[in-house]
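Trainee: Please take me through one part of this model closely, the nonpolar core. Then set it against its surroundings.

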Amino acid sequence: MPLSTAEWIAIGACVAAGIALLVAGLAWWKLRAVRTSQLVLLGGGKQDLVDFAVSLQGRLDETYRKFDELVGGFAQLDRRVDGVVSRVAVVRYDAYENTGGHQSASVALLDASRTGVVLSAIQGRDYARIYVKELDEGRAPVSLSPEEQDAVERAMKSRQ
């Protein structure tokens, strides 16, 4: 006996319902997999990965800020260190013939840019004289004696 049109419609409806149930089951299964992944990401009530990433970014930003402060501090320290007396030399000599003992001396006290002073103490038999000459980046307003120039050169070689 052949099937009537109503019977064919009923069979088609059953097949469509079965396919719809199959699609709904697949969608439910995929949704469950997404929710499981979401619980891993969000933590399910505990601190989640998003909060951890945000706090980690905050700590990283703070670390960069402190690092920049340190770099600035080191730059300032470098400028201060360059301005201190860091190069020193003493040259002893006989300023006058027949005095002996290298009783005269020139002392150079300089910073990294050859700025500072040269002190010279000239010792004679019955007197002593002290001279102070300023240097500004290696230039003196008055000429330096050979011994004073030697003290400056030795000072600049003493620590580089």
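Mentor: pLDDT is the predictor's confidence in each residue, on a scale from 0 to 100. Helices (H or I, at least four residues) and strands (E, at least two) are DSSP runs, numbered from the N terminus. By that score, β2 has the highest mean of the chain's elements, 93. The lowest mean, 86, belongs to α2. Over the chain the mean pLDDT is 86, and 92% of residues reach 70 or more. Where pLDDT is low, predicted coordinates should not be read in detail.

Some ground rules. This is a predicted model: local features need pLDDT of at least 70, side-chain atom pairs count only at pLDDT 80 or more, and totals for chains, interfaces and linings use all residues. Residues are numbered from 1 along each chain as its sequence is written, and side-chain values use heavy atoms, with hydrogens and water left out.

Now the core. A nonpolar core is a set of buried Ala, Val, Leu, Ile, Met, Phe, Trp, Tyr and Cys residues joined through side-chain atoms within 4.5 Å. Buried means under 20% relative accessible area, exposed over 50%, and partly exposed in between (1.4 Å probe, protein chains only). The largest such core here holds 12 residues. They are A89, V91, Y93, A108, L110, V118, I122, L135, A151, V152, A155 and M156. Four elements each supply at least two of them: β1 (87-93), β2 (104-110), β3 (116-123) and α3 (146-158). Helix α3 gives the largest share, four residues. In soluble globular proteins, nonpolar side chains tend to be buried together.

Start with A151, a residue of α3. Its relative accessible area is 0%, so A151 is buried. Contact means heavy atoms within 4.5 Å. Not counting residues up to four places away in sequence, A151 touches A89, V91, S106 and A108. Three of its partners, A89, V91 and A108, are listed in the core too. V132 is another matter: the C-alpha atoms of A151 and V132 are separated by 13 Å, and the two are 19 residues apart along the chain.

Take V118 next. Beyond neighbours within four places in sequence, V118 contacts V107, A108, Y131, V132, K133, L135, E148 and V152. Two of those partners, E148 and K133, meet in a salt bridge (2.9 Å, N to O). This pair links distant parts of the chain: E148 sits in helix α3 and K133 in strand β4 (128-135), 15 residues apart. Both residues are buried. A salt bridge is a side-chain nitrogen of Lys or Arg within 4 Å of a carboxyl oxygen of Asp or Glu.

Compare another pair in α3. R154 and D150 form a salt bridge (3.4 Å, N to O). They are four residues apart in helix α3, so about one helical turn separates them. R154 is partly exposed at 44% relative accessibility, and D150 is partly exposed at 29%.

Look next at two loops. R114 lies in the loop between β2 and β3. Its phi is near 65 degrees, a positive value in a residue other than glycine. R114 is partly exposed, at 23% relative accessibility. E137 lies in the loop between β4 and α3. Its phi is also positive, near 50 degrees, and E137 is not glycine. E137 counts as partly exposed at 47%. Most residues other than glycine have a negative phi.

Strand β1 also holds R92. Apart from neighbours within four places in sequence, R92 contacts G101, H102, Q103, S104 and A105. From R92 to L49 the C-alpha separation is 73 Å, with their positions 43 residues apart along the chain.

Finally, the helices before the core strands. In α2 (49-82), E69 and R65 are four residues apart, about one helical turn. Their side chains meet in a salt bridge (2.2 Å, N to O). E69 is partly exposed at 48%, as is R65 at 40%. E62, R65 and E69 are linked in a network of salt bridges. The whole structure has six salt bridges.

Helix α1 (5-42) includes V23. V23 joins L3, W8, I11, V15 and I19 in a nonpolar surface patch, with about 580 Å² of accessible area together. Patches take residues with over 30% relative accessible area and no salt bridge; like charges are joined within 9 Å, nonpolar side chains (Val, Leu, Ile, Met, Phe, Trp, Tyr) within 5 Å. Accessible areas come from the Shrake-Rupley method with a 1.4 Å probe; for residues, only the protein chains shown count as cover.
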